[in-house]
Amino acid sequence: MWASSRRPLARDSLLVLSQQQIDRFDRDGFLALDRPFVSTDDLEVARRLIDGLFERFDELPSDLAYDLGDVQLHDGPQQLPEINDVLRLEPRLLTTAAFARCRDLAAELLGNKVKCSFSHAINKPSHTGAAREWHQDLADAPHLAGVDAVHIWFALQDVNEANGCMRFIPDDEHSRLLPHRQRGGSSLAHALVADGVDRTRAIACPLQGGMATVHRPMTLHSTGPNTTHEPRLAWIMHFHREAPRPLSVRARRSLSRIKRSLHA
Ligand SMILES: O=C(O)CCC(=O)C(=O)O
Ligand code: NI
C-alpha cells in the first residue's frame with residue numbers, strides 16, 4: 001500500500017490556485033501544492049496503470065524504456081528506470097481524474113487552453129543510492145526555449161527526502177540554461193547533469209500521494225536516493241499553451257467584411 005491513509009476528497013480540495021500561489025510560481029519557477037487534488041481511489045487508478053507499465057518494462061521498446069542511471073541500456077536490475085511516452089503506451093491514463101486535474105492545473109498556470117506534449121514515469125526502486133542529479137529539463141530540449149510550458153510531477157505515493165522527493169532551486173534574475181554533461185561524465189549515460197549549481201538554496205518538497213509539484217523547463221531540480229523499503233513512483237506531464245487555431249477561410253472572410261464595414 002503506497003498511500004499512508006485513505007482520504008476522501010473534500011469538495012473544497014477542488015483545485016483553484018490562490019493569487020499568492022500563482023505569484024510564487026511566477027517568481028520561483030516552481031510550486032508545491034499543499035493538498036491532494038485527486039481522491040485516493042483516483043490516485044490508485046493512476047498508480048495501477050503506471051505500475052502495469054513498469055511490470056512490462058523489459059518488453060517495451062528500448063528507446064522508450066531505459067535507465068536514467070549510470071548506463072542507459074543494459075539488462076538486469078535498473079538504477080532509475082524511466083518509461084517515456086506513457087500516454088501512448090497506456091492510453092487509459094488519458095481518462096484518469098489525475099490527468100484531467102493536472103491539465104486543469106496547467107491551464108490555471110498558463111492561463112489558456114493547454115496541450116500535453118510529453119509524459120513519462122520514473123521509478124526509484126527501494127534502497128537505491130542513485131540520485132537524479134541537478135538538471136534543467138530544457139537541457140534535454142533546448143529547441144523549446146521560450147515556449148510557455150509547465151512540468152507537473154504527480155506523486156503516486158507519499159514522498160519525502162527519504163524516498164526521493166523533488167528538490168528545487170528557485171529561479172532568480174540570473175537564471176539561465178547551465179552547461180550540462182552526461183551523468184558521471186560517461187557517454188553510456190542518458191541523464192544530463194548541470195554544472196555549477198549552487199545547492200545552498202535548494203528546497204525539498206515532500207508531498208502526499210495525489211499532490212504535485214509544478215516547475216518550468218528552466219528551473220533547476222533534482223531528487224535524492226530512495227532509502228526506504230518501497231519503490232518511489234512519479235508520473236510527470238509536460239503541458240504547453242495550445243497555439244490558437246488558424247481561422248477558417250469562412251471566418252477570415254467574415255472578419256474582413258466586419259473590418260470593411262467598420263472603416264466604411
Ligand atoms: O522523478 C525524478 O526522480 C526526477 C523527475 C524530473 O527530473 C522531472 O520531473 O523533470
Ligand atoms: Ni527533470
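Let's start at histidine 135: an N or O atom in its side chain sits 2.9 Å from an oxygen atom of ligand 1. This is a predicted model, where local features need pLDDT of at least 70, side-chain atom pairs count only at pLDDT 80 or more, and totals for chains, interfaces and linings use all residues. Residues are numbered from 1 along each chain as its sequence is written, chains are lettered from A and ligands numbered from 1 in the order written, and side-chain values use heavy atoms, leaving out hydrogens and water.

Here are the polar contacts, meaning pairs of N or O atoms within 3.5 Å:

| Side chain (N or O atom) | Partner | Distance |
|---|---|---|
| histidine 135 | oxygen atom of ligand 1 | 2.9 Å |
| tryptophan 153 | oxygen atom of ligand 1 | 2.9 Å |
| histidine 221 | oxygen atom of ligand 1 | 2.9 Å |

Taken alone, ligand 1 exposes 290 Å², and the protein buries 98% of that (Shrake-Rupley areas, 1.4 Å probe). The residues around ligand 1 (a heavy atom within 4 Å) include Lys124, Arg132, Met166 and Arg232. Sorted by class, that shell has four nonpolar, four polar and four charged residues, with Asp, Glu, Lys and Arg counting as charged, Ala, Val, Leu, Ile, Met, Phe, Trp, Tyr, Cys and Pro as nonpolar, and the others as polar.

Now the metal. The nickel ion (ligand 2) has His135 (NE2), Asp137 (OD) and His221 (NE2) as its protein donors, lying 2.1 Å from it; donors are N, O and S atoms within 2.8 Å of the metal (3.2 Å for Na, K and Ca), and with water not among the atoms, sites may look incomplete. Along the sequence, the donor spacing reads H-x1-D-x83-H. Aspartate 137 lies in the loop between S5 and strand S6 (149-155) and histidine 221 in strand S12, so the pair ties together parts 84 residues apart in sequence (strands are DSSP E runs of at least two residues, numbered from the N terminus).

Notes. A polar contact is a pair of N or O atoms within 3.5 Å; within protein, one must be able to donate a hydrogen and the other to accept it, and residues adjacent in sequence count only if both atoms are side-chain atoms. Helices (H or I, at least four residues) and strands (E, at least two) are DSSP runs, numbered from the N terminus.
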